[in-house]
Amino acid sequence: MSGSVCSPSVWWKSGTVYQVYPRSFQDSNGDGIGDLRGITSRLDYIAWLGVDALWISPIYPSPMADFGYDVVDYCGIDPIFGTLEDFDVLVAEAHRRRLKVILDFVPNHSSIAHPWFAEARASRQNPRRDWYIWRDPAPNGGPPNNWLSNFGGPAWTLDETTGQYYYHAFLREQPDLNWRNPAVRAAMHDVLHFWLERGVDGFRVDVIWHLIKDEGFRDNPENPDFLPYQPEINRFAQVYSADRPEVFEVIAGMRRVLAPYGDRVLIGEIYLPMERLVAYYGPDLDCADLPFNFQLIQTPWRADAVADLVENYEAALPPGGWPNWVLGNHDQPRIAARIGLPQARIAAMLLLTLRGTPTLYYGDEIGLDHVSIAPERVQDPWERNEPGHGRDPERTPMQWDAGPYAGFSTVEPWLPLSADAAARNVDEMCDAADSILTLYRRLLGLRREHAALSVGSYRTVALGIEEIYAYERCEGEATIRVILNFGGGAHDLPLPKGTAWTVLLSSRAGRAGAREARSVALGPSEGLILLRG
């Protein structure tokens with residue numbers, strides 16, 4: 001049996017997180033782009049859904065080269081989204097509904113238009129020069145080493161004025177800050193204080209594993225497993241440009257800033273193999289509270305593969321480390337696009353019944369699928385640099401009703417809606433017993449009703465059927481069994497002798513409340529949640 005029982009008083013362990021991409025949630029002023037007042041106007045929906053916290057992607061002033069991940073003022077709000085006063089109202093209204101607010105924090109890089117970088121590039125002698133990462137050209141005049149940008153091409157851009165290259169792990173408009181410089185750390189800690197004082201309940205830290213680079217700027221080794229269809233960044237193993245051992249000291253410093261504010265949460269974005277991912281809890285659990293676990297996104301959608309993943313993750317967690325699970329976000333194709341709508345219902349049951357904190361991505365609860373983006377409507381700079389790898393399809397507007405522009409805006413949105421928006425929207429689905437939205441809401445309700453699902457232990461149940469994954473969650477005297485059919489066949493599954501079970505929920509409508517004893521029927525692509533007794 002895996003996992004220790006956790007005190008439900010720690011909200012981010014027993015709760016659920018809902019990611020809002022602000023450009024695409026709700027437009028309040030008729031410009032086709034979502035904003036803070038729009039989010040505030042939809043807080044009743046978020047509370048009705050049954051989540052505990054909303055995570056808001058970047059809203060800082062920005063030239064929007066990467067839609068807010070290129071920051072010019074870490075303590076402000078971009079006019080596209082509103083004002084600081086709008087943000088304060090959002091936090092107050094969220095708290096009034098007992099919703100926590102998690103803010104995206106982007107400490108790895110600023111915008112090229114940030115005043116800090118303007119000073120840094122003014123001359124080699126400028127006091128802020130060392131706030132960024134500069135290197136002389138290679139002997140041939142080219143980049144200092146072979147490091148690549150995550151968005152394609154070299155990670156170094158020559159600054160003609162000073163004759164040195166600056167490093168950018170992403171766009172050239174996003175120069176990396178030098179976290180080896182104590183002044184940078186102090187400035188960014190001040191940013192954390194600024195938002196903590198405004199009432200935020202935690203931070204999701206962007207690309208946290210990138211914050212420290214190799215001090216010797218050694219070339220990255222070639223990746224022997226690289227395939228031509230993969231993004232260019234995969235050509236080399238990022239052993240010197242990211243995931244350096246000194247990064248844990250940096251993250252622990254952030255945790256120390258949060259400590260006096262109580263149960264605030266620090267979440268780290270980390271795309272690394274399992275053994276490296278769990279290291280980000282820190283040697284004494286003093287780094288990220290929740291190193292984001294994206295393994296479900298990257299694992300083949302098969303019962304055996306997912307079961308092995310869960311077992312391996314539970315075994316890899318450090319003592320006391322709290323697990324977490326993610327099915328999608330603003331950088332990954334929608335879950336329904338990856339595995340289809342029938343299995344997206346199974347994915348919802350999985351996400352919301354595994355041990356650990358789940359993060360939902362807006363729109364997944366209504367089954368948003370891949371939305372085709374015509375070439376003339378492409379927004380994502382990565383898609384422009386490396387066609388076929390863009391993230392626009394997972395950033396399309398939330399669909400609220402069957403009216404013009406799906407209730408998101410009164411004008412054409414910044415990205416298109418889905419072709420089935422007239423049917424795939426909150427108003428059409430909220431009262432439908434068989435909708436995926438109803439399924440999500442009932443799952444979230446069960447997590448709150450049954451401590452076994454929110455804070456209980458976990459153990460795999462072997463049923464001997466290749467396409468079925470089953471497990472139990474236990475807390476006190478309560479045992480809940482989850483049975484998920486990853487395949488297209490129907491099965492009659494034996495239940496333990498001498499026990500009776502009640503169906504709490506099926507991924508199909510109409511089975512809740514049924515009593516089962518000797519066996520239980522499971523349909524194709526069906527999931528069941530059973531309570532013993």
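Two strands are taken to pair if DSSP finds at least two bridges between them, and helices (H or I, at least four residues) and strands (E, at least two) are DSSP runs numbered from the N terminus. The model is predicted, so that local features need pLDDT of at least 70 and side-chain atom pairs count only at pLDDT 80 or more, while totals for chains, interfaces and linings use all residues. Residues are numbered from 1 along each chain as its sequence is written, and side-chain values use heavy atoms, with hydrogens and water left out.

**View 1. The open sheet of eight strands and its edges.** The strand order is 9-8-7-3-2-1-11-10, with parallel pairing. Strand 9 (290–291) and strand 10 (324–326) stand at the edges with a single partner strand each, so one side of each has no neighbour in the sheet. Strand 8 is joined to strand 9 by two bridges, the two strands running parallel, and Gly268 has Pro291 of strand 9 as its bridge partner.

**View 2. The open sheet of three strands.** Here the order is 4-6-5 and the pairing is antiparallel, with strand 4 (134–135) and strand 5 (156–159) as the edge strands, each pairing on one side only. Four bridges join strand 5 to strand 6 (residues 164–167), and Trp156 has Tyr167 of strand 6 as its bridge partner.

**View 3. Helix 7 and its surroundings.** The expected span of a helix is 1.5 Å times one less than its number of residues; for the twelve residues of helix 7 (residues 247–258) this gives 16 Å, which agrees with the 17 Å between its end C-alpha atoms. Nine of the twelve residues are buried (under 20% relative accessible area, with exposed over 50% and partly exposed in between, for a 1.4 Å probe and protein chains only), among them Phe248, Ile251, Met254 and Leu258. These buried residues pack (contact means heavy atoms within 4.5 Å) against strand 3 (100–105), helix 6 (182–197), strand 7 (202–205), strand 8 (265–268) and helix 8 (274–277).

**View 4. The largest nonpolar core.** Such a core is a set of buried Ala, Val, Leu, Ile, Met, Phe, Trp, Tyr and Cys residues joined through side-chain atoms within 4.5 Å. Of its 143 residues, Tyr18, Ile46, Leu54, Phe203 and Tyr469 touch the most other members, and helix 7 gives the most to this core, with eight residues. Apart from it lies another core of 14 residues, including Ala53, Val265, Leu290 and Val326.
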